[in-house]
Amino acid sequence: MRNHVLAKWGTWQLARIDHLSVQGWITDLGARLSPATLVQCRRLMSGVMRSALRNRLIAFNPCEGVRIPSRRTQDTDEQIVDRAVFRSSLLPVVPDRYRAIVAVGGGAGLRWGEAAGLCADAVDLDAARLRVIRTVIEVSGHTSFKPFPKTTAGRRTVPLPGWLVTLLREHMANHPRGEAGLIFANQVGGAYRRTLFRTRVWRPALVRAGLLGLVEQDGEKFRAEWADAAGVPSSAMFAREPAAVRWVARHQAGGLRFHDLRHSYATWLVDDGVPVNMVQRVLGHERSSTTLDLYTRRTDDPSRVLQALDDDPDDDDQDDGLADALVPR
């Protein structure tokens, strides 16, 4: 409401809001927000206008007939990171304080708010599992706990692979808890802010992992290369490597999102033959169709098809523990 509805319409006179203006607003938001968020914006706006109509402040509801624009799939939509790249390239370059929360995104498939709101009472490392029972929301730079996840199915238990148990154990031993036993806490004990995490931690880590733009040493300086949203390449020289990394992180268009770790997690499981109903349960989806349609974008690795048809009994594929974690004990 505050970020989108009031930001746009807070100073408008009710009588001056017409259908064309509302449709244009929704269309503009569609360029940067998800369809689900657009539906919420339209619902909130329509609720305000229905109230005004009932009180005879306006003659009609300008939100009636407003349509949610369809999004064209872009190259940056729903990216999948290879699991070997995730563990051997991305995780090692994430700063120590934040490595475990990134690991939870890729090793347990948690949404950002679920990972940021993870508290000690919801983690059982001896049993190698965690419970999703609360989440953190961020509005206008302020974070707060919500005592329930996104959906009813979102309240769930997620098994943890061994490597993730090790990372979580190390993190909990080396970093103090925050408010309410928060595992991933900032310097003052509060929850991480998603916007700051993305700018200061996530995107610089992508650059260092070779997943966003390019920074390489050139003599005594560092050459930074990046491309804008139109694909126009640029480059610049920097005296220090951190400055070059920050510049590329800020100016390179696109890039892997934290939520793409959740897409990747689901895809890894399905590619490894984990039944869809089990993947649905650990992801917290209400319907299995959501799991199939939205989160299981298969990797472009034809070797899995060939392995399924190969008569050779030898299998050199190294399991990373994710599928095993879902096998009933």
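**Questions on a predicted model**

User: In which order do the three strands of the open sheet stand?
Analyst: In this predicted model, three strands form an open sheet, and their pairing is antiparallel. The edge strands, each pairing on one side only, are β1 (123-124) and β5 (156-159). The order is β1-β2-β5.

User: Over how many bridges do β2 and β5 pair?
Analyst: Strand β2 covers residues 129-132. Its pairing with β5 is antiparallel, and the number of bridges is four.

User: Which residue in β5 stands opposite leucine 130?
Analyst: Strand β2 spans residues 129-132, and β5 spans residues 156-159. The residue of β5 that stands opposite leucine 130 is valine 158.

User: What is the phi of alanine 128, and where is this residue placed?
Analyst: Alanine 128 is not a glycine, yet its phi is positive, at about 55°. Its place is in the loop between β1 and β2.

User: Is alanine 128 buried, partly exposed or exposed?
Analyst: Buried means under 20% relative accessible area, and exposed means over 50%. Alanine 128 has a relative accessibility of 22%, so it counts as partly exposed.

User: Where is arginine 56 found, and what is the sign of its phi?
Analyst: Arginine 56 is found in the loop between α3 (35-54) and α4 (83-93). This residue is other than glycine, and its phi, near 60°, is positive.

User: Why does arginine 56 count as exposed?
Analyst: A residue is exposed when its relative accessible area is over 50%. Arginine 56 counts as exposed because its relative accessibility is 77%.

User: Which residues are in contact with alanine 180, leaving aside its neighbours within four places in sequence?
Analyst: Alanine 180 lies in the loop between α7 (162-174) and α8 (194-208). It is exposed, with a relative accessible area of 62%. With its neighbours within four places in sequence left aside, the residues in contact with alanine 180 are Cys119 and Phe145.

User: How many Å apart in space are alanine 180 and glycine 190?
Analyst: The two residues are 10 residues apart in sequence. From C-alpha to C-alpha, the distance between alanine 180 and glycine 190 is 9.4 Å.

User: What percentage of the residues of the chain count as buried?
Analyst: The chain has 14 helices and eight strands. Its exposed area is about 18300 Å², of which carbon and sulfur atoms supply 49%. Of its 329 residues, the share that counts as buried is 41%.

Terms used: Residues are numbered from 1 along each chain as its sequence is written. This is a predicted model: local features need pLDDT of at least 70, side-chain atom pairs count only at pLDDT 80 or more; totals for chains, interfaces and linings use all residues. Side-chain values use heavy atoms; hydrogens and water are left out. Helices (H or I, at least four residues) and strands (E, at least two) are DSSP runs, numbered from the N terminus. Buried means under 20% relative accessible area, exposed over 50%, partly exposed in between (1.4 Å probe, protein chains only). Accessible areas come from the Shrake-Rupley method with a 1.4 Å probe; for residues, only the protein chains shown count as cover. Contact means heavy atoms within 4.5 Å. Two strands pair if DSSP finds at least two bridges between them.
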